[in-house]
Amino acid sequence: MTPKEVVKFAKEKKVTMVDLKFNDFLGIWQHFTIPVSELDEKLFEEGAGFDGSSIRGWQPIHASDMLVVPDPTTAVIDPFFEEPTLSLIGNIVDPLTKEDYSRDPRNIARKAEAYLKSTGIGDVAYFGPEPEFFVFDDIRYAQNQHSGFYFLDSVEGQWNTGREENPNLGYKPRYKEGYFPVPPTDSQQDLRSEMVRVMEEVGLRVEKHHHEVATAGQAEIDLRFLPLVRMADALNWYKYIVKNVARRHGKTVTFMPKPIFGDNGSGMHTHQSVWKGETPLFAGDRYGGLSELAMHYIGGILKHAPALAAFTNPTTNSYRRLVPGFEAPVNLAYSSRNRSAAVRIPMYSPSPKAKRIEVRFPDPTANGYLAFAAMLMAGLDGIQKRMSPGDPLDKDIYSLTPEELKDVPSMPASLEEALENLKKDHEFLLQGDVFTEDVIETWIEYKMANEVNAMRLRPHPWEFALYFDS
């Protein structure tokens, strides 16, 4: 829609409020609301002001004024507010220079799309993430100077087979066996279907939904692929809708990669391809039906994966999932069909239009704008420098011996290691001014101070089991 069409749409829908949404630096959706009387075509040029110093990783208090300029193409009716509310996603602009803000994640993603076109390699990069999440019935956590705990629960949890539920009907998915029995073992079919229906209300196209591998309500809903920025917008809607539909039913959702010990964590396998006009550039006669260009793209992903992890796996909890020998792919190899490889080539369809790669190490705590942009930049660097991905690894990687794996690089073992890799390897992200040195430095500094060091300072409950009697 154009600004004029948005104003007309708001009148037709009898809108009373306009909600302006944007991502903070870390990836959480923020918003504020204006009455519809403030909605006119000028809003899409002049924007609306807010305090940037209150947003994580953004402005200092002495330079706090910022503008959010709504993108008229993102206009939809918010599905959760009682008042008829028009939702608009905005870009962040400096009020003095009128320039796009360098630390705005959506701006970084927009620059990545522009850089792709400027290279002449392609016109559009398509992304199709598969975010996994848990639906819990209860979550409690706290930590202070002398105590710390977390407690989560689900009526589906295998640990509740012996609980008094008056009556306990059983049908609780066993550990690692939640993929994917029919109801009554899958107790959340209708809940996920409602999530899908609301996603469709705001214009998202969903391909399927199902229970995931873990016990205790692990789920997945798959979105149809979209261009990079639009998919990052869609990922925000996805998380927003999943959480709010769950809340309607007295349940809660987490996208934490590893909330449960001893069962599968939540990943975000990310399908991606590059097109030029109507031509899918990843289809060809090389391994797995890929083109030479696609092989170089994989080479770039594998080469830069240890640095990409700072954006694709951006939390300390991410590395509870990325543990060698368990379900997540930590070895930086590629293969067709093989889900134990970091990069997989799906073989569902022979159509050239369906040819894509699937990067399997990301998780859903990622800021979609930053993670998708970073992966695209790594792939483009691989294409431009004709990086080889090496030989495919078609064996079950989890069954290989250390000797067989000694020449296969692996993902970082911690967030700190990922940030160190980003510090050493980020030149590829700076091309086209997509990321900036300021963005990289701010990301590393924030993550180290607020997450890595914060975790270091606190004793872990399991340390008491290991060491209290020492």
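Here "partly exposed" covers residues between buried, under 20% relative accessible area, and exposed, over 50%. Keep that in mind for the close-ups below, which all come from a predicted model.

**View 1. A patch of negative charge sits on the surface.** E38, D40, E41, E45 and E46 gather here as a patch of negative charge. Let's pick out one of them, D40. You'll find D40 in the loop between β2 (29–35) and α2 (43–46). Is D40 buried, partly exposed or exposed? Its relative accessible area is 35%, so D40 counts as partly exposed.

**View 2. R321 is a buried charge with no salt bridge.** Look for R321 in helix α7, which covers residues 318–321. R321 is buried, yet it has no salt bridge. How far away is the nearest side chain of opposite charge? That side chain belongs to D363, and it is 4.7 Å away from R321. A salt bridge needs a side-chain nitrogen of Lys or Arg within 4 Å of a carboxyl oxygen of Asp or Glu, so this pair doesn't make the cut. R321 does have another neighbour to check out: a polar atom of its side chain lies 3.0 Å from the backbone oxygen of F361.

**View 3. Two cis peptide bonds turn up in the loop between β9 and α4****.** Why give these bonds a close-up? Because most peptide bonds are trans. One cis bond joins Y179 and F180, with omega at about -20°. F180 is in the loop between β9 (148–153) and α4 (189–201). The peptide bond from P183 to P184 is cis too, and here omega is near 10°. P184 also lies in the loop between β9 and α4.

**View 4. K98 has a positive phi.** Most residues other than glycine have a negative phi. What is phi for K98? It is near 65°, a positive value in a residue that isn't glycine. To find K98, go to the loop between β6 (85–93) and α3 (105–119). K98 has a relative accessible area of 53%, and the cut-off for exposed is over 50%, so K98 is exposed.

**View 5. R386 has a positive phi as well****.** Phi of R386 is about 50°, although R386 is not a glycine. Where does R386 lie? It's in the loop between α8 (368–384) and α9 (402–405). With a relative accessibility of 53%, R386 counts as exposed.

Conventions
Residues numbered from 1 in each chain as written. Predicted model: local features only at pLDDT ≥ 70, side-chain atom pairs only at ≥ 80, totals over all residues. Heavy atoms only, no water. Patch = residues over 30% accessible without salt bridge, like charges linked within 9 Å, V, L, I, M, F, W, Y side chains within 5 Å. Areas by Shrake-Rupley, 256 points an atom, 1.4 Å probe, with all protein chains shown as cover. Lys, Arg positive; Asp, Glu negative; His and termini not counted. Charge placed at Lys NZ, Arg CZ, Asp CG, Glu CD. Helix = DSSP H or I, 4+ residues; strand = E, 2+ residues; numbered from the N terminus. Buried < 20%, exposed > 50% of the residue type's maximum accessible area, 1.4 Å probe, protein only. Polar contact = N/O pair within 3.5 Å; in protein donor to acceptor, adjacent residues only side chain to side chain.
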